[in-house]
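Below is a short set of questions and answers on a predicted model. Each answer works toward the value or name asked for.

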Amino acid sequence: MWRWFDKLEDILAIVLLGCTSLTILASSTMRAIGHPFAGGAELAQFFFIWTAVFGADIMLRRGGQVRIDALVVHMSAGVLRVITAAILAMMLAFLAMLAWYGLPLALSNWQRPLGFAGLSYGYVTLALPVGAALMFISLIRRVLAKGIVHSLDPDDDVVEETL
Amino acid sequence: MITALLLVFGLLLMAVGMPVAFAIGIAGFLYFLLPGTFLPVGIGPQRIVSATQSFPLLAVPLFIFIGHLMNASGITPRLLRLSTLLAGWMSGGLAQASLVLSTLMGGVSGSAVADAAMQSRVLGKGMVGEGYSPGFAGAVLSIGGLITATIPPSIGLILYGYLGEVSIGRLFIAGIVPGVLLMVALMITTWLVSRRRGYTPVRDSLPKFAEVASATRSSIWALLFPLWLLVGIRYGLFTPSEAGAFAVVYALVVGCFIHREMGVREIIEAMRASVRDIGMIMLIIMFSGIIGYVVSFERVPQTIAELTLGVFSSQTALLLTLAVLLVFLGMLLEATVVVMLLAPILVPVIKAAGIDPVHFGLLMMTLVTFGGMTPPVGISMYTVCGILRCPFTDYSRELVPFAIAVFAVVLGIIFFPNIVLFLPNMLMG
């Protein structure tokens, strides 16, 4: 079941990245030939925030979110267990709060138009509570699958890239 | 004061191994839960969402995507052939070629870590096979990424421009000269080390004109890319974000129709890799949105500006102090984090001191990106040493001469602002 869930999330994220690029391309092409259309930037930003939260969840699920383990590797197993448990508890609480406070925010934004046919700013804001809920689930799945201590370690030995 | 405590708390969480995005997010969010705060908690999520709703920021996912597409489009082997021709005849030929390759790749990719990882896979084995010590090979491959990150386009400079409200076009153009200077300084260092150790050239003779011309022709699509990018931005044909969208099409056309090395499978693979990178960087950016709000709400930049302006008599003294601070922070933290935390604070400070934010941007990005190549915490270092299986201690020892070369260039940038500024001032007025 989770395999399908993960697959669907991967596909959605890729499609959303494609939509982000295509929207910016369409809106800049129209602007370049002198027929700018309203709301192109907003639409692209709408696709983008959803790409970002799905991407963030995919990374968290794979243990790929950057962290500093220089100190952690020198800790004794017992200390590490306690500290990691505390870290996980804080992360879960944070995500739960984002979902809790993010949802009413999305609902209250439902009346605010996005400047593009029929789309509401609520769909943009909704990305945060949905993303937080997804990451909450992913984090719990990792703890169940890998145990507390290894829940934040990356799956591959090669670190993913940033800047 | 509260802000400082929150920042320290965030750093503490990072030090004990919490993912950095969460450490910043939690530290910022805590502000709204403190008893003395009269702001509603709902502002926290609101700031996270609004951190993503910016048109200039859209350049970040696009340029990450372009980097992956370009890598799949067959540009890398062509540029490698050209670099080996151009620099292979010098002492330490492969190392020199790798630095030239970093410079050429700089024009199509904006990421130091991506460049270091790609080159370690392509060149790492060859270098060790030539008799280079693994530490030296690792140091060259990793430090080369600094050139890539400085030559436009540069994801770090896009972020800095977005946060500090500085023209990204100017920053891009300003990156050209420091990028080339870094290349020269690092090549001289490589030459000195290689001569002493007897690392040999990989070519017997100087390249012939015909050979260079033919290699240039085959990599012409990669070489032209930064050129039309800068021309387009300079003449206002497109903004950096729009340029990103056109560049995606360019990479697709080159990869699919001109080089014919890219199909649907490669494109999907590039998108999959891009989504992961975007997810990682964007989570840091989104969660720093909260602390960014707290920092400006508590008027931290203004306070720091008032304090520092009294202390520092000259711009150079201020820049030198900030440079030392940035080197240390860059060594300890991930580059995106340093930029997200400090650009909003420091840009108003240096503007108040009369320093051009473009000048400071190049200085800041060079130093924090360099921090990713040094111990104790450095993503480039982890990546390269992971691929080459070289110990961090050997790597660190071999990095020292290169670090000195980088600092020489940085001092040049500090003392002679015109190294950075003359090109953008000349081209953009």
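Q: Which helix supplies the largest share of the nonpolar patch?
A: In this predicted model, the patch covers about 600 Å² and is made by Trp221(B), Leu224(B), Leu227(B), Val249(B), Val253(B), Phe257(B) and Ile258(B). Helix H13 (220-234) and helix H14 (240-258) of chain B each give at least two of its residues. The largest share, four residues, comes from H14(B).

Q: Does Ile258(B) count as buried, partly exposed or exposed, and why?
A: Ile258(B) lies in helix H14 of chain B and is one of the residues that make the nonpolar patch. Buried means under 20% relative accessible area and exposed means over 50%, with partly exposed in between. Because its relative accessibility is 36%, Ile258(B) counts as partly exposed.

Q: What radius of gyration does chain A have, set against a compact globule of 163 residues?
A: The C-alpha trace of chain A spans about 65 × 35 × 30 Å along its principal axes. A compact globule of 163 residues would come near 15 Å, whereas the radius of gyration of chain A is 19 Å.

Q: What is the order of elements in chain A from the N terminus on?
A: Chain A has four helices and zero strands. From the N terminus, its elements therefore read, with helices as DSSP runs of at least four residues, as α-α-α-α.

Q: What percentage of the exposed area of chain A do carbon and sulfur atoms supply?
A: Of the 163 residues of chain A, 50% count as buried. The chain exposes about 7700 Å². Of that area, the share from carbon and sulfur atoms is 71%.

Terms used. Residues are numbered from 1 along each chain as its sequence is written. Chains are lettered from A and ligands numbered from 1 in the order in which they are written. This is a predicted model: local features need pLDDT of at least 70, side-chain atom pairs count only at pLDDT 80 or more; totals for chains, interfaces and linings use all residues. Side-chain values use heavy atoms; hydrogens and water are left out. Patches are made of residues with over 30% relative accessible area and no salt bridge: like charges are joined within 9 Å, nonpolar side chains (Val, Leu, Ile, Met, Phe, Trp, Tyr) within 5 Å. Accessible areas come from the Shrake-Rupley method with a 1.4 Å probe; for residues, only the protein chains shown count as cover. A salt bridge is a side-chain nitrogen of Lys or Arg within 4 Å of a carboxyl oxygen of Asp or Glu. Buried means under 20% relative accessible area, exposed over 50%, partly exposed in between (1.4 Å probe, protein chains only). The radius of gyration is taken over C-alpha atoms; the globule rule is 2.2 Å times the number of residues to the power 0.38.
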